[in-house]
Amino acid sequence: MWRAIDAHSKTIRFSLRTVLFPCHQNPVSPPFKPPSSGHFSSLTKTLTDSSSTPSPSFSILSFTTRHCNNVARGGGGRGGSLIVARCISSISASAAPNQQHPAVDWNEPVSCPDVGVGGKGTDVEEDTRPSIPVRAFFFSTSVDLKSVVEQNKLNFIPPTSRMTNYVVLKFGNLSQPSGLGSCISGSSCSYMVVFQYGSIVLFNVREHEVDEYLNIVRRHASGLLPEMRKDEYEVREKPTLNTWMQGGLDYIMLQFLNTDGIRTIGSVLGQSIALDYYGRQVDDMVAEFTDINRGMEKTGTFSMDSKKLFQIVGKANSNLADVILKLGLFERSDIAWKDAKYAQIWEYLRDEFELTQRFASLDFKLKFVEHNIRFLQEILQNRKSDFLEWLIIVLIGVEIIISVFDIVHRSGFKFF
């Protein structure tokens, strides 16, 4: 009898174990099947807390099965709901337990994004084209553009605007198109923009070839300077750029660079390098007047003659006229007037090279020079007036003496 009772109790325990721990019924269980929506409603509401990047669904199912085994070993009567709670807490630990989320179907793939080293997503940026070096030079105050064009007719690119103070020359593969939408990076084409006021801007020219291009213009230049000024810049082409242009540190990135872009960029760089030369000239005049003022502070006088002062006056006036008239610093490019894209380049580069601020500084220094010139001119004028006054006094005195001597001589008075 006791044996029958013991066997009956073992049968009851086995039945309870089968009901409470269904995961241990078979050591090798079949693939995990999703339960019905009635028992796992919380799972279908919180699966979206993981990443939105799609991925195969078997990875999330194997993850759930592993937690199912852990829960089964720990015991529990409502294994289905406990399994879902642990799976969801592993996927999104920051989500609030009572937070509502949109449901996700079991057949919809759910995965996590690929994460690289250090937890950062891999972002492969598209390669940009090779950069285009831009070099600006200023070594003369005037260039004969007509003679330059006559000796380089094959390389001359006809103008597209009314601006006549510069020409564009193309070297290399002359048959390669350089119109709208074409790129010059990676090609053998080189461009040279020559300005009438003496600036030269080279595009896509190697450093060891610069002297050859400069010699082409040096033959037609006048007013050569003792020291050549140089500036460097860079243009990068990226056809996949979201915007038309993007500025950077000492470079500008464009979707493409054509002849209109070369003209626009060259005009600003040519003005910048020329303005730098004239700024140095004005700085020298300011330094000279500073030394004169310091000398006057110590001695109370100065030794400059009027000829040298007039030379400084002429130099200051000619510099101001060259900046305003020759450089065309306040004249907007015709290409920028026609197309808003090139107007954007023109305005950006003018701000980048601070042309307006530099001219304001130049104008302020010229006003300082003008003030000192006017002051020194008044001193020289006063000196001249004093000399004339003393000369008149001496002449009057001599005339008086001669008159007295004549009167005495007529009266017959003898001094000896």
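**Exercise 1.** In this predicted model, determine how helix α8 and helix α11 pack, and at what angle.

*Solution.* Step 1: helix α8 spans residues 306–326 and helix α11 spans residues 355–411; they pack at an angle of about 155°, and their axes are 10 Å apart.

Step 2: angles over 145 degrees count as roughly antiparallel. The helices α8 and α11 are therefore roughly antiparallel to each other.

Step 3: the handedness of the α8 and α11 crossing is left-handed.

Step 4: the residues making the contact are then identified. From α8 they include Leu 309, Phe 310, Val 313 and Leu 320, and from α11 they include Phe 359, Leu 366, Ile 373 and Gln 377.

Step 5: sorted by class, the contact of α8 with α11 comprises 15 nonpolar and 2 polar residues, with no charged residues.

**Exercise 2.** Establish in which sense strand β6 pairs with strand β1 and with strand β8.

*Solution.* Step 1: β1 (residues 132–143) pairs with β6 (residues 221–237) in the antiparallel sense, over 10 bridges. Within this pairing, Arg 229 of β6 is the bridge partner of Phe 138.

Step 2: the pairing of β6 with β8 (residues 251–254) is in the parallel sense and has 3 bridges. Here Glu 237 stands opposite Leu 254 in β8.

**Exercise 3.** Compare the "transmembrane region" listed by UniProt with the secondary structure of residues 387–408 in the model.

*Solution.* Step 1: an unreviewed UniProt entry lists residues 387–408 under this name.

Step 2: in the model, residues 387–408 are 100% helix and 0% strand.

Step 3: the end C-alpha atoms of this span lie 32 Å apart.

Note on methods. Residues are numbered from 1 along each chain as its sequence is written. This is a predicted model: local features need pLDDT of at least 70, side-chain atom pairs count only at pLDDT 80 or more; totals for chains, interfaces and linings use all residues. Side-chain values use heavy atoms; hydrogens and water are left out. Axes are lines fitted to C-alpha atoms, for helices over the stretch in contact, and angles run from 0 to 180 degrees between N-to-C directions. Helices (H or I, at least four residues) and strands (E, at least two) are DSSP runs, numbered from the N terminus. Angles under 35 degrees count as roughly parallel, over 145 as roughly antiparallel, 65 to 115 as roughly perpendicular and the rest as oblique. A crossing is left-handed if the near helix is turned anticlockwise from the far one by less than a right angle, and right-handed if clockwise. Contact means heavy atoms within 4.5 Å. Ala, Val, Leu, Ile, Met, Phe, Trp, Tyr, Cys and Pro count as nonpolar, Asp, Glu, Lys and Arg as charged, and the others, Gly among them, as polar. Two strands pair if DSSP finds at least two bridges between them. UniProt positions are given in the numbering used here, feature names are shortened, and annotations may be inferred rather than shown by experiment.
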